[in-house]
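Got your viewer open? Let's take a walk through this structure, one selection at a time.

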Amino acid sequence: MTDYGSAITDNRLRITDYRIVCLAGGVGGAKLAAGLAQIVPPQNLTIIVNTGDDFQHVGLTVCPDLDTVMYTLAGVANPETGWGRAGESWRTMQTVTQLGGPDWFRLGDLDLATHLTRAQLLGEGQTLTAVTRHLCTHLHIQPVILPMSDQPAPTMIESDDGRILPFQTWFVRERWQPSVRQIILPADVKATHAVVRALETADIVIIAPSNPFVSIDPILNVYPIRALLEDMPQVVTAVSPIIGGQAVKGPAAKMMQEMGMEVSATAVAAYYGDLVDLFIYDRQDEGTFVGAGGTAVALDTMMLDGDGRLRVAQDVLHTSLNYLNA
Ligand code: FO1
């Protein structure tokens, strides 16, 4: 059995020669993307981001996962919350609340500048892809960040009491407490040409340790992304978001319980199935992990700080390159 987890043994395998695509949702995806951006030349790194969490709020188009990835790569993300911007103030929305506006979704003053700029450019007829490129240019972000689609693709949550909730209503307003009966993804959402081209020319596709159900599935649900990964001649690597039976952040573990799944890296590997060539899980689960048929490698996958993000990105890339060139 090849030890894919070892450091690069063959110095012909230079990361800089490979095109990397990362599928990412919110915080976990943004952290790995930030680590990859420190290693992979910008022209060889594309991050495809979930837009199923996007919604209209106070007349603005809010794109939480795009913004979390952008802010993290720009080094301006709020480290406490994991979303929005660092050094934030809240005066505008506090005043909106005093004027009778909604108070359940906290938009900071600096963050509002992003939503205002996005709303203005969308209003001029620019696509979400073009608007994201505009924002990335002004945030001095070099890797390409792509929304999975330029069409709205709202993720809805069916709660166990039969309500169909818009994602942010479930996630923020109701603090992801309503038990999830199922996740409802839109039909007929198409990927942009830029997304298709990035996947068709990728050497390695990395599914980040984001929530498989509300961050990764909404991306795979966009036509023809899942088919492109299934037909991909190169390697598709997934990183488990579940470590030691827990989600590092967010509702993934609670959702797995509510949907009758075992809360484990093993269950995530089985859920992704043969879409994934290489499944990376945390060393904490080495004793209990049971593979799903593909290749699985245990690494230290905790990304607690900048160094952690760099280390995990390096290890995931090296493991993927070893697999690709085995
Ligand atoms: N999450 C919360 O739990 N409470 C909030 O008030 C909140 C505001 C917010 C504003 C901008 C933004 O980009 C994200 C925000 N989030 C908030 C997080 C957001 O709901 C999640 O990041 C994603 O939708 C799931 O990853």
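Start by selecting aspartate 53, which counts as buried at 5% relative accessibility. Buried here means under 20% relative accessible area, exposed means over 50%, and partly exposed is in between (1.4 Å probe, protein chains only). Before you click on, know that this is a predicted model, in which local features need pLDDT of at least 70, side-chain atom pairs count only at pLDDT 80 or more, and totals for chains, interfaces and linings use all residues. Residues are numbered from 1 along each chain as its sequence is written, and side-chain values use heavy atoms, with hydrogens and water left out.

Back to aspartate 53: look for it in the loop between strand 2 (45–49) and strand 3 (55–57). Helices (H or I, at least four residues) and strands (E, at least two) are DSSP runs, numbered from the N terminus. Which residues does aspartate 53 touch, not counting residues up to four places away in sequence? Light up Pro64, Asp65, Phe167, Gln168 and Val214; contact means heavy atoms within 4.5 Å. Now try a distance: the C-alpha atoms of aspartate 53 and tryptophan 90 are separated by 22 Å, with their positions 37 residues apart along the chain.

Next, select the ligand. Aspartate 53 is one of the residues surrounding it, along with others including Trp83, Phe105, Leu107 and Asp111; to be near the ligand, a residue needs a heavy atom within 4 Å of it. By class, this shell has seven nonpolar, one polar and four charged residues. Here Ala, Val, Leu, Ile, Met, Phe, Trp, Tyr, Cys and Pro count as nonpolar, Asp, Glu, Lys and Arg as charged, and the others, Gly among them, as polar. Color helix 2 (64–74) and helix 6 (167–173), since each supplies at least two residues of the shell. The largest share, four residues, comes from helix 6.

Zoom in on some atoms around the ligand. A backbone N or O atom of arginine 106 lies 2.9 Å from a ligand oxygen atom. Aspartate 65 has a polar side-chain atom 3.2 Å from an oxygen atom of the ligand, and tryptophan 83 has one 3.4 Å from a ligand nitrogen atom.

Now for salt bridges: a side-chain nitrogen of Lys or Arg within 4 Å of a carboxyl oxygen of Asp or Glu. How many does the structure hold? There are seven. Select aspartate 67 and arginine 118, whose side chains meet in one of them (2.4 Å, N to O). This pair links distant parts of the chain, with aspartate 67 in helix 2 and arginine 118 in helix 4 (residues 109–123), 51 residues apart. Both partners are buried.

For a contrast, pick aspartate 161 and arginine 163, a salt bridge with its closest N and O atoms 3.1 Å apart. Aspartate 161 is partly exposed, at 48% relative accessible area, and arginine 163 is partly exposed too, at 31%. Add Glu174 to your selection, and you have a network of salt bridges linking Asp161, Arg163 and Glu174.

Last stop: serine 210, in the loop between strand 9 (204–207) and helix 8 (212–220). Is serine 210 buried or exposed? With a relative accessible area of 3%, serine 210 is buried. Among the residues it touches are Ala24, Ile216, Pro241 and Tyr272. Its side chain also reaches the backbone nitrogen of glycine 25 at 2.9 Å.

Technical notes
A polar contact is a pair of N or O atoms within 3.5 Å; within protein, one must be able to donate a hydrogen and the other to accept it, and residues adjacent in sequence count only if both atoms are side-chain atoms.
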